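Reader: I'm new to this one, so could you walk me through it and tell me how each label is earned?
Author: Sure, let's take a look and go label by label.

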Amino acid sequence: MKWEYLREEDFEGAIERSGGLCVMTLGCLEKHGQHLPVGTDSIKGDRIVELAAEKADVVMFPTTMWLGDVGPADAYKNPSKTRKHGFIAISCQTMLTVLEELCDQIARNGFTKILICASHGGNTSLLGLFSRFQSSKDYAVMSCKAYDFTNQLDPKNVLEAAKKDPEYFSMLTEEDLKTLERFAQTGTGGGHADFKETALVYGTHPDLVAPDRFEAESGSSANRLNFPPQYGISTLLTWFANFPNDFSGYPSIGCTPTIGEAYLKLSVDRLAEIFTYLKNNDDCVDVIRELKQKRQ
Ligand SMILES: [Zn+2]
């Protein structure tokens, strides 16, 4: 159920069917190499969340496509010189304020559980920070990833799953299986505009992938800034320094719309399972209300 398609009188019934759960996507607008559009994270995330929300029969809040943590805006002052057109970088304070007011409004309408699905890696820490400061509300804010790049969508695991259940993956051609085999051996070489991300855009918006641009820029690390891994030093500067083309990974050669279909199916089924679990589970609401009572 899409929030914006409901009539006013539909809401009470929709909230009940949804088990009080409202879901939304948080993507971003930023460059994804030269083969994918700048809205990659928002548009693919939105479509996956939309299909999963339909499947689990829960309400989906309208997209906030431009709201997402893409780092410092002043780094992109001269887009034509830096090949950084299309980024929208809202300040952290504003993003936190907008998120809080949105969630308050969703809750004011009667929802008790809000799940924000991060479809951009940079939003994970933003959402962690945001949800830490929402514990005094009388509704629960939660977040999860809109798709699982690290495990489920790893070509090695997709290939293994396809061998176990060929019927589920009947869209894959012999050629697709060979491509998956190749990426299973080498890995995808990254996580931004790489094979997995290209596959998901093929799955959600096949017309927006430009296969003739797969090799237009390098997605290899420039190794400009690397700390000894044993020190666990963390800074976003390493990403900016090492991947100046906003692409990390091997070229997506061999990626096809049918591989995209498989990636989309896996992602929608995973997310629908998460939505169904949360729609039938009120533990988070009980806990947040208990905490509030103890404070009073
Ligand atoms: Zn992305």
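Author: Domain bounds here come from an automatic or database domain assignment, and the model itself is predicted. On that basis the protein chain splits into domain 1 (3-148 + 269-289) and domain 2 (155-267). Their centres, taken over C-alpha atoms, are 23 Å apart.

Reader: What makes residues of domain 1 and domain 2 count as being in contact?
Author: Two residues are in contact if their C-beta atoms, placed from the backbone, lie within 7 Å. By that test, 20 residues of domain 1 are in contact with 28 residues of domain 2. On the domain 1 side, α2 (40-56) and α10 (257-279) each supply at least two residues, and α2 gives the most, with five. Sorted by class, that side has seven nonpolar, seven polar and six charged residues.

Reader: Why is the largest nonpolar core said to lie between the domains?
Author: Membership asks for buried nonpolar residues joined through C-beta atoms within 7 Å. The largest such set has 64 residues, and V23, C117 and F275 have the most contacts inside it. α10 gives the most to this core, with 10 residues. Domain 1 and domain 2 both contribute residues, so the core lies between them.

Reader: Which residues does C117 touch?
Author: Leaving out residues up to four places away in sequence, C117 touches V23, M24, T25, L26, G45, V49, C144, A146 and L271.

Reader: How do you know that the buried residues of α5 are on the same side?
Author: A residue is buried if 20 or more other C-beta atoms lie within 10 Å of its own. In helix α5 (residues 123-132), the buried ones are N123, L126, L127 and F130. They cover an arc of only 95° around the axis, which puts them on the same side of α5. An α-helix has 3.6 residues a turn, so residues three or four places apart point the same way. The face turned away from the buried side carries the exposed residues G128 and R132. As for partners, the buried residues of α5 pack against β1 (21-26), α4 (92-108), β3 (113-118) and β4 (140-145).

Reader: What makes β2 and β4 the edge strands?
Author: The four strands form an open sheet in the order β2-β1-β3-β4, with parallel pairing. β2 (59-60) and β4 each pair on one side only, and that makes them the edges.

Reader: How many bridges join β3 and β4?
Author: Two strands pair if there are at least two bridges between them. β3 and β4 have six, in the parallel sense, and therefore count as paired. I116 stands opposite S143 in β4.

Notes. Residues are numbered from 1 along each chain as its sequence is written. This is a predicted model: local features need pLDDT of at least 70, side-chain atom pairs count only at pLDDT 80 or more; totals for chains, interfaces and linings use all residues. Ala, Val, Leu, Ile, Met, Phe, Trp, Tyr, Cys and Pro count as nonpolar, Asp, Glu, Lys and Arg as charged, and the others, Gly among them, as polar. A residue is buried if 20 or more other C-beta atoms lie within 10 Å of its own, exposed if 12 or fewer, and partly exposed in between; C-beta atoms are placed from the backbone. The arc is that of the directions from the helix axis to the C-beta atoms.
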